[in-house]
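Grab your viewer and work through these exercises at your own pace. Try each task before you read its solution.

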Amino acid sequence: MDGLNILPLAVTMMVGPQIVSAVILVTTPRPVRVSLAFLTGVAAATTVGVAVMSALAGVLDSAVDLGGSSDGGSTGKIIQYVLVLLLALGALKNWLRRETVEPPKWLGTLMTADPRRAATVGFLIILLMPSDLMVMMTVGVNLQQSGASFLAALPFIALTVLIAAVPLLCFVLFRRRVRPAVPRIRDWLNTHSWLVNIIACLLFIVLILT
């Protein structure tokens, strides 16, 4: 995609409860099956999300000219600056509530998830996460501004799924070494969810402004 570095975008897609879910699933009794189902849900949701956001950007572009990707005063750029403001407010909120923020209760239910539930979580955790919607909107706007087809977003989708698969790949390749460490990683991510969210917000802000 012209003008976008897809690696930070894909990383931002998975920072937060998304990657925590992937880590939890490799601690279940059937880690490979449920993790593959989770990845299927992530892939489907990212594909659908980018397609919808690209279509919405096309509708917006027909009503209000989004301008080119290098036009600092274009409507597309204004949308991105609004996203920066929202992300900054989100990071500030997480910082102020860092002492009381708790991980979502549904994360605990993943310990006994079957493949169907894992796929559902993978699908919904992308489409219902505000930060992911912002990322996919940015991708959609960029596709419109550069005049690229949906095919140009396939590397971004593939990289997002690959990052989501990192816990599973580590488990499969280094099972003996990784298995004892996974619960500690999971617990750290749960207790520091506020920090993970702030990192995601700041990463996306830097990505938009550069």
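**Exercise 1: the chain as a whole**

What percentage of the 210 residues in the protein chain is buried? Then work out the fold elements.

Solution. Keep in mind that this is a predicted model.
- Step 1: count residues under 20% relative accessible area; buried residues make up 46% of the 210 in the chain.
- Step 2: tally the secondary structure, which gives eleven helices and zero strands.
- Step 3: look at contacts between residues at least 6 apart in sequence; 81% of them join residues at least 24 apart.
- Step 4: turn to the outside, where the accessible surface is about 10600 Å², with 68% of that belonging to carbon and sulfur atoms.

**Exercise 2: the cavity**

Find the cavities of 30 Å³ or more, and say which residues line the largest cavity.

Solution.
- Step 1: start from a general idea. Rolling a probe the size of a water molecule over the atoms shows where empty space is left.
- Step 2: apply the cut-off, and one cavity of 30 Å³ or more turns up. The largest cavity holds about 30 Å³ of space.
- Step 3: list the lining: Ala22, Leu25, Val26, Ser35, Phe38, Leu39, Ala164, Ala165, Pro167 and Leu168.
- Step 4: sort that lining by type, and you get nine nonpolar residues, one polar and no charged.
- Step 5: map the lining to elements. Helix 2 (17-25), helix 3 (31-63) and helix 9 (166-173) each give at least two residues, and helix 3 has the largest share with three.

**Exercise 3: a serine in the lining**

Is Ser35 buried or exposed, and which residues does Ser35 touch beyond four places away in sequence?

Solution.
- Step 1: place Ser35, which sits in helix 3.
- Step 2: check its relative accessible area; the value is 4%, so Ser35 is buried.
- Step 3: leave out residues up to four places away, and the partners of Ser35 are Leu25, Val26 and Leu168. These three partners also line the largest cavity.

**Exercise 4: the nonpolar core**

How many residues does the largest nonpolar core have, and which have the most contacts inside it?

Solution.
- Step 1: recall the general trend. In soluble globular proteins, nonpolar side chains tend to be buried together.
- Step 2: the largest core here has 50 residues, with Phe38, Val50, Ile126 and Phe156 having the most contacts inside it. Helix 3 supplies the largest share of this core, eight residues.
- Step 3: follow Val50 outward. Skipping residues up to four places away, Val50 touches Met136, Val139, Leu143, Phe150, Ala153, Phe156 and Ile157.

Terms used. Residues are numbered from 1 along each chain as its sequence is written. This is a predicted model: local features need pLDDT of at least 70, side-chain atom pairs count only at pLDDT 80 or more; totals for chains, interfaces and linings use all residues. Side-chain values use heavy atoms; hydrogens and water are left out. On a 1 Å grid over the protein atoms alone, a cavity is a set of points where a 1.4 Å probe fits but cannot get out, and a pocket is an open set with protein on both sides within 12 Å along at least five of seven lines; lining residues have an atom within 4 Å of a point. Grid points are joined across faces, edges and corners, and a volume is the space filled by probe spheres set on the points. Helices (H or I, at least four residues) and strands (E, at least two) are DSSP runs, numbered from the N terminus. Ala, Val, Leu, Ile, Met, Phe, Trp, Tyr, Cys and Pro count as nonpolar, Asp, Glu, Lys and Arg as charged, and the others, Gly among them, as polar. Buried means under 20% relative accessible area, exposed over 50%, partly exposed in between (1.4 Å probe, protein chains only). Contact means heavy atoms within 4.5 Å. A nonpolar core is a set of buried Ala, Val, Leu, Ile, Met, Phe, Trp, Tyr and Cys residues joined through side-chain atoms within 4.5 Å. Accessible areas come from the Shrake-Rupley method with a 1.4 Å probe; for residues, only the protein chains shown count as cover.
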